[in-house]
Amino acid sequence: MSHEATARTFDSWAAAGRDAEMELEHGDVVRQVQARLEQRPGERILDLGCGNGWATRLLARAAPGATAIGVDVSQAMVERAEALHSNTVRARYEVAAFEALPFGDGRFERVFSMEAIYYAADLEQALSEIARVLAPGGRADLVLDYYKESPHTASWTCAMKVRTHWLATAEWIAALERAGLVDVRAERVVDARGPGSEADFAPSHCYSDYATWKAIREAGSLWIRARRPA
């Protein structure tokens, strides 16, 4: 799918208020990951697929003097991020495609992404861009729910009407290594809240029934970690 079509999809999500669902659904996993990132004072962070900027702001607050830039292909999402922004946070937001990041080589000590990298129109180019904008020794942390070892997510492409990359863990690791990143490893992070009760479940475009929701929650999010060589 083209960048324009993807942008239209997520513009419509922003208009429908679905940006707020992302923090509610993924917030616990992001906070678990963030607690283990060992962020350093003054660290420069890029958040790919920032949506309304909720994770960008969390990352920017994590260490003294840290700064974060969130990018998203959706203009409407970036506008939502700017509307929700606090001047107490060293963060800003830009419209950009993953395959053509408007930043110089080695600009960031860390690249982060939650539930976004698999939307890249050209995944190989997007991962190469991550490697390019990372400083030597910089780290990439990509978190996603949509991967082959969580088989109930297979239907998401049709449900979301957006082209995606549904890869197995080994395929993700190999893709990051081809981009020039090293020490690539992966693990699962399971939401500490669990699936909740069936009585509280409401079907959605990605979760047609409680059994599907429960299986995906129990499979957890895939956290892929990598480093640019020093």
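This short talk walks through the nonpolar cores, the largest pocket and the largest cavity of a predicted model. Residues are numbered from 1 along each chain as its sequence is written, and side-chain values use heavy atoms, with hydrogens and water left out. Because the model is predicted, local features need pLDDT of at least 70 and side-chain atom pairs count only at pLDDT 80 or more, while totals for chains, interfaces and linings use all residues.

Let me begin with the cores. The largest nonpolar core, meaning buried Ala, Val, Leu, Ile, Met, Phe, Trp, Tyr and Cys residues joined through side-chain atoms within 4.5 Å, where buried is under 20% relative accessible area with a 1.4 Å probe and protein chains only, has 51 residues. Helix H5 (residues 123-133), helices being DSSP runs of H or I with at least four residues, gives the most to this core, with six residues. A second, separate core of 24 residues includes Val30, Trp54, Leu59 and Ala60.

Now to the empty space. On a 1 Å grid over the protein atoms alone, a cavity is a set of points where a 1.4 Å probe fits but cannot get out, whereas a pocket is an open set with protein on both sides within 12 Å along at least five of seven lines, and lining residues have an atom within 4 Å of a point. The largest pocket holds about 840 Å³, and of its 46 lining residues, Trp13, Met22, His26, Glu115 and Tyr119 are the closest to its centre. H2 supplies the largest share of that lining, six residues.

The largest cavity holds about 100 Å³, and H2 again gives the most to its lining, with three residues; His26 is among the residues that line this cavity.

Key. Buried means under 20% relative accessible area, exposed over 50%, partly exposed in between (1.4 Å probe, protein chains only). Helices (H or I, at least four residues) and strands (E, at least two) are DSSP runs, numbered from the N terminus. Grid points are joined across faces, edges and corners, and a volume is the space filled by probe spheres set on the points.
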